[in-house]
Amino acid sequence: MRRPLEDFEFLRHYIESLSYSKKDSDYKYFPNSGKSEKQITYFAVQAGLRRLPSELNEFYKFSYGAHLGQYKILTISEITDALYELSKVPKELQRRFIFPFAQVTDAGDLIAFDLRKSNSRGFLILDGFHEYPPVKWKSICFGLRVWLQKIASNSFEPFWLTNK
């Protein structure tokens, strides 16, 4: 039986295998220290969140946020900031039940869970392209682990744009 933290260990191995030139680029590649279940719950409660998507909760045990090239996995306080910004979108352009968890650092695009759609791999992951309102955000794949594996295998480029 696989332990939850092992689900994300491939990221640590990937980052360790990067060439020095890649590590010295403008982008950072590092996972942060993970947090305990108690710490994660405390941060969520302090931020006013009733609960986190289980996939993100498991990731936070591995790494509480992370820098992955152009991508930044958000901390809970950064998620609440993103949720606040999304609340400013006119109601008719909002998309209910989305939960941002990552950001493309150069563009400010968000990557989010659609909490109403899931399968055995996890929640649907959405491309929060900054030029579109949330109602027009496109589906990427199902599951945080799958998304992370695919961006790692694609050198942290947005595979859902390059593979169409």
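This passage describes the fold, cores, aromatic pairs and largest pocket of a predicted model of a protein chain.

The protein chain has 164 residues, of which 45% are buried. Its secondary structure consists of seven helices and seven strands. In sequence order these elements give the pattern α-α-β-α-α-β-β-α-β-β-β-β-α-α. Among contacts with a separation of 6 or more, 54% involve residues 24 or more positions apart.

The interior was examined in terms of nonpolar cores. In soluble globular proteins, nonpolar side chains tend to be buried together. The largest nonpolar core in the model comprises 39 residues, and Phe59, Ile73, Phe101, Trp147 and Leu148 have the most contacts inside it. Helix H6 provides the largest share of this core, with six residues. A second core, separate from the largest, has eight residues, including Leu86, Ala112, Leu124 and Trp137. With neighbours within four places in sequence left aside, phenylalanine 59 is in contact with Phe8, Leu11, Gly65, Ala66, Ile73, Leu144 and Leu148. Two of these partners, Ile73 and Leu148, are themselves listed with Phe59 among the residues with the most contacts inside the largest core.

Aromatic rings were considered next. A pair of aromatic rings is described by the distance of the centres and the angle of the planes. The model contains 13 aromatic pairs. One of them joins phenylalanine 8 and phenylalanine 62, whose rings lie 6.1 Å centre to centre with 35° between the planes, a tilted arrangement. This pair links distant parts of the chain, as phenylalanine 8 belongs to the segment before helix H1 (9-17) and phenylalanine 62 to helix H4 (residues 54-62), 54 residues apart. Both partners are buried: the relative accessible area is 3% for phenylalanine 8 and 4% for phenylalanine 62. In a further pair, the ring centres of tyrosine 14 and phenylalanine 156 are 5.1 Å apart; the planes meet at 65°, so the geometry is edge-to-face. This pair also links distant parts of the chain, with tyrosine 14 in helix H1 and phenylalanine 156 in the loop between helix H6 (144-153) and helix H7 (159-162), 142 residues apart. Phenylalanine 156 has a relative accessible area of 1% and is therefore buried, the cut-off being under 20%. In addition, Tyr71, Phe101, Phe113, Phe123 and Trp147 form one aromatic cluster.

Phenylalanine 113, a member of this cluster, lies in strand E5 (residues 110-119). Phenylalanine 113 is buried, at 0% relative accessibility. When residues up to four places away in sequence are not counted, phenylalanine 113 touches Pro53, Glu55, Leu56, Phe97, Ile98, Phe99, Phe101, Phe123, Leu124, Ile125 and Leu144. For leucine 144, the C-alpha to C-alpha distance from phenylalanine 113 is 8.5 Å, at a sequence separation of 31 residues.

The largest pocket has a volume of about 620 Å³. Its lining is made up of 22 residues, and those closest to the pocket centre are Leu83, Phe97, Ile98, Phe99 and Leu115. Helix H5 (76-87) and strand E4 (98-104) each contribute at least two lining residues, and the largest share, four residues, comes from H5. Classified by type, twelve lining residues are nonpolar, five are polar and five are charged.

Backbone geometry was inspected as well. Most residues other than glycine have a negative phi, and most peptide bonds are trans. Phenylalanine 97, one of the residues closest to the pocket centre, has a positive phi near 65°. Phenylalanine 97 is located in the loop between H5 and E4 and is partly exposed, with a relative accessible area of 37%. Serine 155 likewise has a positive phi, near 55°. Serine 155 lies in the loop between H6 and H7 and counts as partly exposed at 37% relative accessibility.

Helix H6 also contains glutamine 149. Glutamine 149 has a relative accessible area of 30% and is partly exposed. Its C-alpha atom is separated by 9.9 Å from that of aspartate 7, although the two residues are 142 positions apart along the chain.

Methods:
Residues are numbered from 1 along each chain as its sequence is written. This is a predicted model: local features need pLDDT of at least 70, side-chain atom pairs count only at pLDDT 80 or more; totals for chains, interfaces and linings use all residues. Side-chain values use heavy atoms; hydrogens and water are left out. Rings of Phe, Tyr and Trp (its six-membered ring) pair if their centres lie within 6.5 Å; planes under 30 degrees apart count as stacked, over 60 as edge-to-face and the rest as tilted. Buried means under 20% relative accessible area, exposed over 50%, partly exposed in between (1.4 Å probe, protein chains only). On a 1 Å grid over the protein atoms alone, a cavity is a set of points where a 1.4 Å probe fits but cannot get out, and a pocket is an open set with protein on both sides within 12 Å along at least five of seven lines; lining residues have an atom within 4 Å of a point. Grid points are joined across faces, edges and corners, and a volume is the space filled by probe spheres set on the points. Ala, Val, Leu, Ile, Met, Phe, Trp, Tyr, Cys and Pro count as nonpolar, Asp, Glu, Lys and Arg as charged, and the others, Gly among them, as polar. A nonpolar core is a set of buried Ala, Val, Leu, Ile, Met, Phe, Trp, Tyr and Cys residues joined through side-chain atoms within 4.5 Å. Contact means heavy atoms within 4.5 Å.
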